[in-house]
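Hi,

Here is the structure I promised to pass on. Have a look, and my notes follow underneath.

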Amino acid sequence: MSSTSTNSEPSSSTSRPSFNQTVTSSTQNFGAPGSGNRVLKIVTSSSVNSGLSPFGQNAASTIRDHHEREKKEILELNNRLAEYVEKVRFLEAQNEKLAADLKLLQGRFGKK
């Protein structure tokens, strides 16, 4: 497993924040060498900014707002579905009662 770390400091002519990036790479061989098995190489990268650019903050805010709107919409849809299920159950119970009443009336007055 190898690890490489790179630091880029802002130049005096730019106002970019400092940026740290760590890249880790590992290789795993599944099977005996020369057996035709595949080699899996996993590369992970993590970066830490000391300060987000206005674009990064705006993007994060937009994503968070979109997530909140979706969450609210899902909750509203879930509530609507619960109301429909409750209404269907009520109507099914009412239908069973009416079917029982009909059967009782047919028994009293005979089937025609």
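Accessible areas here come from the Shrake-Rupley method with a 1.4 Å probe, and for residues only the protein chains shown count as cover. On that basis, the protein chain exposes about 10400 Å², with carbon and sulfur atoms supplying 55% of that area.

Some housekeeping: this is a predicted model, where local features need pLDDT of at least 70 and side-chain atom pairs count only at pLDDT 80 or more, while totals for chains, interfaces and linings use all residues. Residues are numbered from 1 along each chain as its sequence is written, and side-chain values use heavy atoms, with hydrogens and water left out.

On the fold, the protein chain has one helix and three strands (DSSP runs numbered from the N terminus: H or I of at least four residues for helices, E of at least two for strands). Reading from the N terminus, the order is β-β-β-α.

How much of the chain is buried (under 20% relative accessible area, 1.4 Å probe, protein chains only)? Just 2% of the 112 residues. As for contacts (heavy atoms within 4.5 Å), 26% of those with a separation of 6 or more in the protein chain are between residues 24 or more positions apart.

Searching the whole structure turns up one salt bridge (a side-chain nitrogen of Lys or Arg within 4 Å of a carboxyl oxygen of Asp or Glu). It joins the side chains of lysine 97 and aspartate 101, at 3.6 Å from N to O. The two are four residues apart in helix 1 (residues 54–109), so about one helical turn separates them. Lysine 97 is exposed (over 50%) at 55% relative accessible area, whereas aspartate 101 is partly exposed (between the 20% and 50% cut-offs) at 33%.

Cheers
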